[in-house]
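Colleague: I should like to request a close look at a single part of this model, set out as one connected account. Please begin with the part itself and then work outwards to its surroundings.

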Amino acid sequence: MSHVASTARPEKVQGEAPTWLKELDAASRPVPKKGSGLGRWICRLVARAALRGGRDLDVDQPRFNAALVEGLRQLSATVDELVSLHQAALRQPDHPMGLQEAVRTLREDLRAVQQRMPSAISQVRESQPEGQRFAPYYRAFEDAFRGSEAVIESRLEVYLPHVRKAFSGLRDPLWLDLGCGRGEWLRVLAGVGVRGVGVDGNAGMAEAARASGLEVQVGDLMDHLRGCEAGSVDGLSAFHVVEHLPLDLLVELLQEGLRVVKPGGLLILETPNPENLQVGAHTFYLDPTHRSPVPPAFLAFLAAQVGWRQGDILRLQADERDLARAKRAWLGNKALMKAAESLFGPRDYALVAVRPLS
């Protein structure tokens with residue numbers, strides 16, 4: 001009994017004790033109650049033991065809670081690592097489930113791409129209408145900035161000596177004109193007995209050309225060229241087209257043209273001349289559908305690399321009056337004479353090439 005009586009109480013718990021601990025504390029104290037003293041002593045003994053254990057638990061609870069939380073965190077990290085290792089193992093080709101997991105992953109990736117496709121397609125479609133909305137005005141644009149049909153036809157007659165030379169002795173030669181526009185070149189060809197077929201992507205321009213009795217189709221120029229049979233035409237032209245094309249399509253036009261034109265046939269490509277500073281710095285950009293100027297030396301080089309031969313560069317449409325005035329004023333000064341050529345020299349040029357006979 002003495003060892004029980006001398007047992008010290010634990011230190012007081014910080015803060016208010018829980019209800020169950022208060023009840024144990026009350027039960028361990030002497031109470032003025034009738035009955036056997038031995039019974040009351042046993043009750044107090046049990047209550048004091050429970051009180052010590054309860055107070056000890058209450059005192060250590062923060063440490064217990066912290067340890068429990070840390071253990072749970074470590075367990076969670078371990079589970080995550082095991083899951084990652086398992087998924088990585090499934091992706092290995094030699095794993096029994098590797099192929100199945102790879103297919104499942106591929107399907108998920110494809111599904112994600114399909115979900116993004118409508119947005120990407122809509123963005124592409126939204127980027128197109130600028131040129132499409134300008135298309136109805138392109139005929140008026142050509143009338144305003146390129147010149148009348150009669151003026152252009154007179155300019156295009158410069159190519160007739162090359163046509164007559166290439167087609168000498170041929171019966172019913174056929175010419176394909178890509179981007180025929182208002183049809184000026186087709187009318188010039190018809191005047192010398194050459195049947196010409198035109199293609200233009202602008203429905204309004206093509207309809208106007210057809211209305212004048214010309215054989216013109218509406219469609220994508222490159223698609224039409226790709227669909228032509230090998231060696232099916234005697235001549236191919238594209239007037240003011242190459243400046244609208246990205247480099248890869250320009251190369252393809254030369255390659256496909258070489259396939260479609262018969263041996264000995266002609267190629268004529270006319271485009272603005274960036275050697276003229278006014279063209280390269282200003283007038284080229286009057287047409288918002290232009291992509292970039294194509295220097296004569298580069299176009300001749302590219303055609304030769306593809307396989308065209310006898311390529312000549314014809315420089316055309318110089319400002320003859322202004323050029324003559326400048327040369328008279330600057331006669332004797334080499335630098336100024338060169339500047340005069342750059343300012344008032346040919347505004348257009350054409351590559352005229354021949355497909356080799358073999």
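Which residues does V233 touch, not counting residues up to four places away in sequence?

Modeller: The model is a predicted one, and the account that follows should be read in that light. Leaving aside residues up to four places away in sequence, V233 touches L174, L176, V260, V261 and K262. V233 itself belongs to strand 4, which covers residues 233–239. Its relative accessible area is 5%, and because buried means under 20%, V233 counts as buried. A further spatial relation concerns W175: V233 and W175 are 58 residues apart in sequence, yet their C-alpha atoms are 5.8 Å apart in space.

The contacts L174 and L176 lead to strand 1, which comprises residues 174–178. Four of the five residues of strand 1 are buried, so this strand is largely enclosed by the rest of the structure. Strand 1 pairs with strand 2 (residues 195–200) in the parallel sense, over five bridges. Within the strands, L176, already named as a contact of V233, stands opposite V197 in strand 2.

The contacts V261 and K262 lead in turn to strand 5, which spans residues 261–272. Strand 4 and strand 5 run parallel and are joined by six bridges. Further along this pairing, L236 stands opposite L267 in strand 5. The remaining contact, V260, is the last residue of helix 12, which covers residues 247–260.

These pairings form part of a wider sheet. Seven strands make up an open sheet in the order 3-2-1-4-5-7-6, with mixed pairing. In this order strand 4 stands between strand 1 and strand 5. The edge strands are strand 3 (215–218) and strand 6 (309–316), each of which pairs on one side only. On average, and with direction ignored, neighbouring strands of the sheet are turned by 15° against each other. In a regular strand the side chains alternate between the two faces of the sheet.

Two residues with unusual backbone angles may be added here. D172 has a positive phi of about 50° although it is not a glycine. D172 is placed in the loop between helix 8 (160–166) and strand 1, and its relative accessibility of 69% makes it count as exposed. Q310 likewise has a positive phi, in this case of about 55°, and is not a glycine. Q310 lies in strand 6, which is one of the edge strands, and is exposed, with a relative accessible area of 60%.

The helices around the sheet complete the picture. Helix 10 (residues 203–211) lies across strand 2 and strand 3, and runs at about 160° to strand 3. Helix 12, which contributes V260, also meets helix 14 (residues 296–306): their axes come within 10 Å and cross at roughly 50°. That angle makes helix 12 oblique to helix 14, and the crossing is right-handed. On the side of helix 12 the contact involves L247, L250, V251, L254, Q255 and L258, while helix 14 supplies F298, L299, L302, A303 and V306. By class, the residues of this contact divide into 10 nonpolar, one polar and no charged.

Helix 12 also has a relation to M222, a residue of helix 11 (residues 221–227). M222 counts as buried, at 5% relative accessibility. Apart from residues up to four places away in sequence, M222 touches L249, E252 and L253. M222 and L250 are 28 residues apart in sequence, with their C-alpha atoms 9.8 Å apart in space.

A second helix pair is formed by helix 7 (residues 149–156) and helix 9 (residues 184–191), whose axes come within 9 Å and cross at roughly 55°. Helix 7 and helix 9 are therefore oblique to each other, and their crossing is right-handed. E149, I152, E153 and L156 in helix 7 meet E184, W185, R187 and V188 in helix 9. This contact has four nonpolar, no polar and four charged residues.

For the chain as a whole, there are 16 helices and seven strands. Of the 358 residues in the protein chain, 32% are buried, and V233 is one of the buried residues. Among contacts between residues at least 6 apart in sequence, 72% join residues at least 24 apart.

Note on methods: Residues are numbered from 1 along each chain as its sequence is written. This is a predicted model: local features need pLDDT of at least 70, side-chain atom pairs count only at pLDDT 80 or more; totals for chains, interfaces and linings use all residues. Side-chain values use heavy atoms; hydrogens and water are left out. Axes are lines fitted to C-alpha atoms, for helices over the stretch in contact, and angles run from 0 to 180 degrees between N-to-C directions. Angles under 35 degrees count as roughly parallel, over 145 as roughly antiparallel, 65 to 115 as roughly perpendicular and the rest as oblique. A crossing is left-handed if the near helix is turned anticlockwise from the far one by less than a right angle, and right-handed if clockwise. Contact means heavy atoms within 4.5 Å. Ala, Val, Leu, Ile, Met, Phe, Trp, Tyr, Cys and Pro count as nonpolar, Asp, Glu, Lys and Arg as charged, and the others, Gly among them, as polar. Buried means under 20% relative accessible area, exposed over 50%, partly exposed in between (1.4 Å probe, protein chains only). Two strands pair if DSSP finds at least two bridges between them.
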